[in-house]
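Trainee: I should like a close look at a single part of this structure, namely how its strands pair. Please also place that part within the whole.

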Amino acid sequence: MSDSSSAISKHIKPCAICSEPCSHHGARGRNVVCNNCSAQATDSNGRPIEFLESFTRDGQTVWLEGLEAFYKSPDPEAGKRCDEASESRSCFIGGYECHLFEGFAGWQGLIYEPKEGAV
Ligand SMILES: [Zn+2]
């Protein structure tokens with residue numbers, strides 16, 4: 001009984017930003033940013049953004065284009081693609097530069113990697 005619960009809890013680690021426990025499953029040991037912190041992501045200008053699966057429709061065919069960054073409410077251009085973050089695949093949360101990371105089993109999320117030599 002304790003075996004099954006530890007199999008789950010071994011993926012529960014502190015969020016890289018706020019230290020709240022969250023699932024790191026699929027993240028290949030990276031420092032995962034929890035959903036609450038991810039919801040506060042901004043671009044380098046401090047505008048709120050979120051990463052969403054984007055697709056284009058060509059007749060009956062839907063082409064998945066992977067995750068892209070979009071401005072979100074309360075930004076006046078909510079829903080518009082944020083070119084900067086879509087291309088850099090990075091964002092800022094509480095002054096930390098975070099990156100979109102693709103783990104295994106299709107896991108995608110934001111991670112924070114302290115820079116070499118940073119305190
Ligand atoms: Zn967090």
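Mentor: The helices and strands named here are DSSP runs numbered from the N terminus, with at least four residues (H or I) for a helix and at least two (E) for a strand. In those terms, Arg89 lies in the loop between helix 3 and strand 5, and this loop is a suitable point of entry. The model is a predicted one, and confidence deserves a word before detail. The average pLDDT of the protein is 90, and 91% of the residues score at least 70. Among the elements, strand 5 has the highest mean pLDDT (97), whereas helix 1 (residues 2–9) has the lowest (64). Where pLDDT is low, predicted coordinates should not be read in detail.

The setting can be stated briefly. The protein contains three helices and seven strands, which follow one another from the N terminus as α-β-β-α-β-β-α-β-β-β. Its C-alpha atoms fill a box of roughly 50 × 40 × 25 Å along the principal axes.

Now to the sheet itself. Three strands form an open sheet in the order 5-6-7, and their pairing is antiparallel. Strand 5 and strand 7 (108–111) are the edge strands, each of them pairing on one side only. On average, neighbouring strands of this sheet are turned by 35° against each other, direction ignored.

Consider each pairing in turn. Strand 5 and strand 6 run antiparallel and are joined by four bridges; Ile93 has Tyr96 of strand 6 as its bridge partner. On the other side, strand 6 and strand 7 also pair in the antiparallel sense, over four bridges, and Phe101 has Gly109 of strand 7 as its partner. The hairpin of strand 6 and strand 7 has five residues between the strands, and Ala105 in this hairpin takes a positive phi near 60°.

That value invites comparison with the point of entry. Most residues other than glycine have a negative phi. Arg89, which is not glycine, has a positive phi near 50°. Is Arg89 buried, exposed or partly exposed? Because 17 other C-beta atoms lie within 10 Å of Arg89, this residue counts as partly exposed. Elsewhere, in the loop between strand 1 (12–14) and strand 2 (21–23), Ser19 has a positive phi near 70°. Ser19 has 10 C-beta neighbours inside 10 Å and is therefore exposed.

How does the sheet relate to the interior? The largest nonpolar core has 23 residues, and those with the most contacts inside it are Cys15, Val33, Ile49, Ala69, Cys91 and Ile93. Strand 5 (90–93) and strand 6 (96–102) each supply at least two residues of this core, as do strand 3 (49–58) and strand 4 (61–71). Ile93 thus appears twice in this account: as the bridge partner of Tyr96 and among the core residues with the most contacts. Ala69 shows which residues meet here: beyond four places in sequence, its contacts are Ile49, Phe51, Cys82, Ala85, Ser86 and Cys91. In soluble globular proteins, nonpolar side chains tend to be buried together. Over the whole protein, buried residues make up 24% of the 119 residues.

One further backbone feature merits inspection. Pro74 is placed in the loop between strand 4 and helix 3 (83–88), and the peptide bond from Ser73 to Pro74 is cis, with omega near 5°.

Methods:
Residues numbered from 1 in each chain as written. Predicted model: local features only at pLDDT ≥ 70, side-chain atom pairs only at ≥ 80, totals over all residues. Core = buried A, V, L, I, M, F, W, Y, C linked by C-beta atoms within 7 Å. Buried ≥ 20, exposed ≤ 12 C-beta atoms within 10 Å, placed from the backbone. Contact = placed C-beta atoms within 7 Å. Pairing = 2+ DSSP bridges. Axes fitted to C-alpha atoms, helices over the stretch in contact; angles between N-to-C directions. pLDDT = per-residue confidence, 0-100.
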